[in-house]
Amino acid sequence: MVTSRERVERCLNFMAVDRPVVNMGLNAVGYYEHGEKLRELVRSMECDFDPVYEGDFKLPSPEDFDAEGNYSTVTKDWWGVTWKNRIYGIIGHPIEWPLDDWAKLDAYDFPKVRRLEGEALVKAQAEVAAMKARGYYVRRGWVTNFGQAYAVHKFDEVLADIAARDEGFLRFTALMHGLCVASVENLLLTDVDAVLFADDLGTQDALIMSPKDFREIYKPLYKEMAATVRKAGKRAFFHVCGYCMPLLEDFADIGFDAIWPQLSAHDLGEFARRCRELRLAVAIHPDRGALMTRGSPDDVRRRIGDYYEAFRPHDGGSWWHLEIDNGFPYENIEAMAEAVRAGF
């Protein structure tokens with residue numbers, strides 16, 4: 001019998017698989033809107049990356065809603081960023097930035113990542129080993145640099161700072177890279193199969209920054225970390241929302257084995273062809289807006305067929321990433337799962 005770990009490795013090596021690889025999680029907002037029937041549906045998908053989450057979710061309380069009955073909370077994270085959250089389970093928007101002026105960087109208590117050791121390391125290693133023993137492929141992390149810059153500092157100003165090569169921004173980026181490196185090292189100590197990096201680099205139809213800016217500022221940092229991951233015999237995955245077509249060759253050169261992109265920002269056929277040429281495996285993530293939120297079950301079924309045709313997951317080089325966000329009608333979720341399974 002083929003294990004999930006073996007199936008994912010064949011997929012990443014662009015080899016034919018017995019059935020397409022599936023990653024489908026159970027998250028807080030999905031459970032809040034659909035309850036136990038969603039948990040049962042996720043169980044039925046026999047996911048390859050993780051077993052379905054069997055714990056309890058911390059659901060919102062009455063105090064989390066405003067006078068009009070809308071979800072509305074304000075929280076502060078360990079970076080000192082204050083967030084306004086208007087949808088339960090979905091990340092909100094910063095409303096106070098601890099580094100609204102890069103001059104504050106000298107006095108800022110920059111977060112640190114302590115090296116895993118002792119009981120904490122033993123526990124983390126045991127958790128990963130247990131997952132592997134059950135046959136699952138273990139991918140962990142969310143290692144980001146650019147994304148953290150526009151959490152602690154205003155987004156439009158970060159873009160201007162990138163273009164100007166602002167000294168304060170570059171100092172922050174260097175410090176952030178040190179934290180990212182420490183995070184990668186800790187993940188490797190736990191013996192995961194793959195490390196997930198993440199930075200959203202595009203709008204719906206263009207890059208957020210120029211290819212030159214990405215190549216000069218961020219590419220060397222990612223290339224260094226990906227080399228560390230590959231030297232350890234592990235895989236490097238990269239999540240990127242928005243249009244990213246001009247950077248696909250860079251992703252391959254960096255050493256990423258796989259990307260998790262926003263497919264709705266691209267022509268499916270062209271994108272699939274180019275990724276296969278570059279040996280970049282692709283997460284097939286159905287569109288969360290026009291398709292899953294506002295489309296019909298028939299729309300969902302047709303689009304799943306389009307994805308099957310473009311990416312050929314039976315031939316390896318792509319897998320299904322089925323994410324549940326707020327506002328998905330349950331019949332669309334069922335249609336997505338059924339259409340994916342129908343292609344097995």
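These legends walk through several views of one predicted model.

**View 1. The whole chain, with its 12 helices and 10 strands.**
Start with the full picture before zooming in. The secondary structure of this chain comes to 12 helices and 10 strands. Its radius of gyration is 20 Å, close to the 20 Å that the globule rule gives for 344 residues, so the chain is as compact as a globular protein of that length. Along the principal axes, the C-alpha atoms fill a box of roughly 55 × 55 × 45 Å. How much of the chain is buried? Of the 344 residues, 52% count as buried. The accessible surface comes to about 16,000 Å², and 51% of that surface belongs to carbon and sulfur atoms. Contacts also link distant parts of the sequence: among those between residues at least 6 apart, 71% join residues at least 24 apart.

**View 2. The largest nonpolar core, with 91 residues.**
Now look inside. Which residues of this core touch the most other members? They are Met24, Phe172, Phe197, Leu248, Phe251 and Phe271. Helix α7, which spans residues 167-189, gives the core its largest share, eight residues. Apart from this core lies another one, of 16 residues, including Cys11, Ala194, Ala281 and Ala283.

**View 3. Phe251 and the residues it touches.**
Here is a closer look at one of the residues that touch the most other members of the largest core. Leaving out residues up to four places away in sequence, Phe251 touches Leu201, Phe214, Phe238, Val240, Cys244, Phe256, Ile259 and Leu280.

**View 4. Cys241 and Cys244, two cysteines without a disulfide.**
A disulfide is a covalent bond between the sulfur atoms of two cysteines. How many disulfides does this structure hold? The number is zero. Why is Cys241 without such a bond? The closest cysteine sulfur to that of Cys241 belongs to Cys244 and is 9.4 Å away, which is too far for a bond. For Cys244, the closest cysteine sulfur is in Cys275, and that distance of 7.2 Å is also too far for a bond. Cys241 is buried, with a relative accessible area of 14%. Cys244 is buried as well, with a relative accessible area of 0%.

**View 5. Glu323 and its polar contacts.**
Where does Glu323 sit? You can find Glu323 in the loop between β10 (318-322) and α12 (330-342). Its side chain makes a polar contact of 3.3 Å with the side chain of Arg288. Another polar contact, of 3.0 Å, joins the side chains of Glu323 and His321. Not counting residues up to four places away in sequence, Glu323 touches Trp260, His285, Arg288 and Phe328.

**View 6. Arg5 in helix α1.**
Our last stop is Arg5, found in helix α1, which covers residues 4-12. Is Arg5 buried, exposed or partly exposed? Arg5 is partly exposed, with a relative accessible area of 26%. Setting aside neighbours within four places in sequence, Arg5 is in contact with Lys132, Gly135, Tyr136, Tyr137 and Asp193. With Asp193 there is also a polar contact of 2.5 Å between the two side chains. Asp250, by comparison, is 245 residues from Arg5 in sequence and 27 Å from it in space, C-alpha to C-alpha.

How values were computed:
Residues are numbered from 1 along each chain as its sequence is written. This is a predicted model: local features need pLDDT of at least 70, side-chain atom pairs count only at pLDDT 80 or more; totals for chains, interfaces and linings use all residues. Side-chain values use heavy atoms; hydrogens and water are left out. A nonpolar core is a set of buried Ala, Val, Leu, Ile, Met, Phe, Trp, Tyr and Cys residues joined through side-chain atoms within 4.5 Å. Buried means under 20% relative accessible area, exposed over 50%, partly exposed in between (1.4 Å probe, protein chains only). Helices (H or I, at least four residues) and strands (E, at least two) are DSSP runs, numbered from the N terminus. Contact means heavy atoms within 4.5 Å. A polar contact is a pair of N or O atoms within 3.5 Å; within protein, one must be able to donate a hydrogen and the other to accept it, and residues adjacent in sequence count only if both atoms are side-chain atoms. A disulfide is a pair of cysteine sulfur atoms within 2.5 Å. The radius of gyration is taken over C-alpha atoms; the globule rule is 2.2 Å times the number of residues to the power 0.38. Accessible areas come from the Shrake-Rupley method with a 1.4 Å probe; for residues, only the protein chains shown count as cover.
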